[in-house]
Every structure is written in structure tokens, then in C-alpha cells.
Amino acid sequence: MVSRACKVMGLSRDTLYGYDAVVHQTGVEALGDSNRHQPNPKNLSDSAIEKAVIAYALEQPAYG
């Protein structure tokens, strides 16, 4: 049953049991967004460029 659930969800059993341990230790809230990465403002594009790229990507999805 666990193997099938892992296969359907695309998780390894090790990952599932790791999540299970975290839930039992600290609760479900600990599984929330754990990304602590802060974006580097030097690497960000201008918002106008970003909007233009997104609009183009939505208009032409086949271009990737």
C-alpha cells in the first residue's frame, strides 16, 4: 500500500518516511514552504522585461 502511494505521488519511500517523522515531531505546519532562499536583487530582471517575457510565453507556448 505504501509503495503504491509513493509511486502515485512520485515520492521515494525514504522521502515519505522522512515527511512522516517531521509530522510526528513538529506537526503538519512544518511541511509548509521551507524555502529560505532570499532572491538576489542583482540577479532580478526589470519588471517590464519580466512581464513582456511572461506575456510572450503565454502567447507562444510552443516556443518553450
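The exercises below work through a predicted model of one chain, each with a solution in steps.

Residues are numbered from 1 along each chain as its sequence is written. Local features need pLDDT of at least 70 and side-chain atom pairs count only at pLDDT 80 or more, while totals for chains, interfaces and linings use all residues, and side-chain values rest on heavy atoms, with hydrogens and water left out.

**Exercise 1. Describe the fold of the chain and decide whether it is spread out or compact.**

Begin with the elements, where helices (H or I, at least four residues) and strands (E, at least two) are DSSP runs numbered from the N terminus. The chain holds three helices and zero strands, in the order α-α-α from the N terminus on. Next, take the radius of gyration, which is computed over C-alpha atoms and set against a globule rule of 2.2 Å times the number of residues to the power 0.38. The chain has a value of 19 Å, well over the 11 Å that the rule gives for 64 residues, so the chain is more spread out than a compact globule. Along the principal axes, the C-alpha atoms fill a box of roughly 45 × 30 × 15 Å. Finally, consider burial, for which buried means under 20% relative accessible area, exposed over 50%, and partly exposed in between (1.4 Å probe, protein chains only). Buried residues make up 3% of the 64 residues.

**Exercise 2. Compare the span of helix 2 with the expected one, and examine the residue just after helix 2.**

The expected span of a helix is 1.5 Å times one less than its number of residues. Helix 2 (residues 13–26) has 14 residues and reaches 20 Å from its first C-alpha to its last, close to the expected 20 Å. Just after helix 2 comes Gly 27, which takes a positive phi of about 100°.

**Exercise 3. Locate Arg 36 and relate its position to Glu 59 and Ser 12.**

Arg 36 sits in the loop between helix 2 and helix 3, and it is exposed, with a relative accessible area of 74%. Glu 59, which belongs to helix 3 (residues 47–59), is likewise exposed at 58% relative accessibility. The C-alpha atoms of Glu 59 and Arg 36 are separated by 33 Å, with the two residues 23 apart along the chain. For Arg 36 and Ser 12, which are 24 residues apart in sequence, the C-alpha to C-alpha distance is 23 Å.

**Exercise 4. Find and classify any aromatic pairing in the structure.**

Rings of Phe, Tyr and Trp (its six-membered ring) pair if their centres lie within 6.5 Å, and planes under 30 degrees apart count as stacked, over 60 as edge-to-face and the rest as tilted. A search of the whole structure finds one aromatic pair. This pair joins Tyr 56 and Tyr 63, at 6.0 Å centre to centre with 35° between the planes, and is classed as tilted. Tyr 56 is partly exposed at 44% relative accessibility, whereas Tyr 63 is exposed at 57%.
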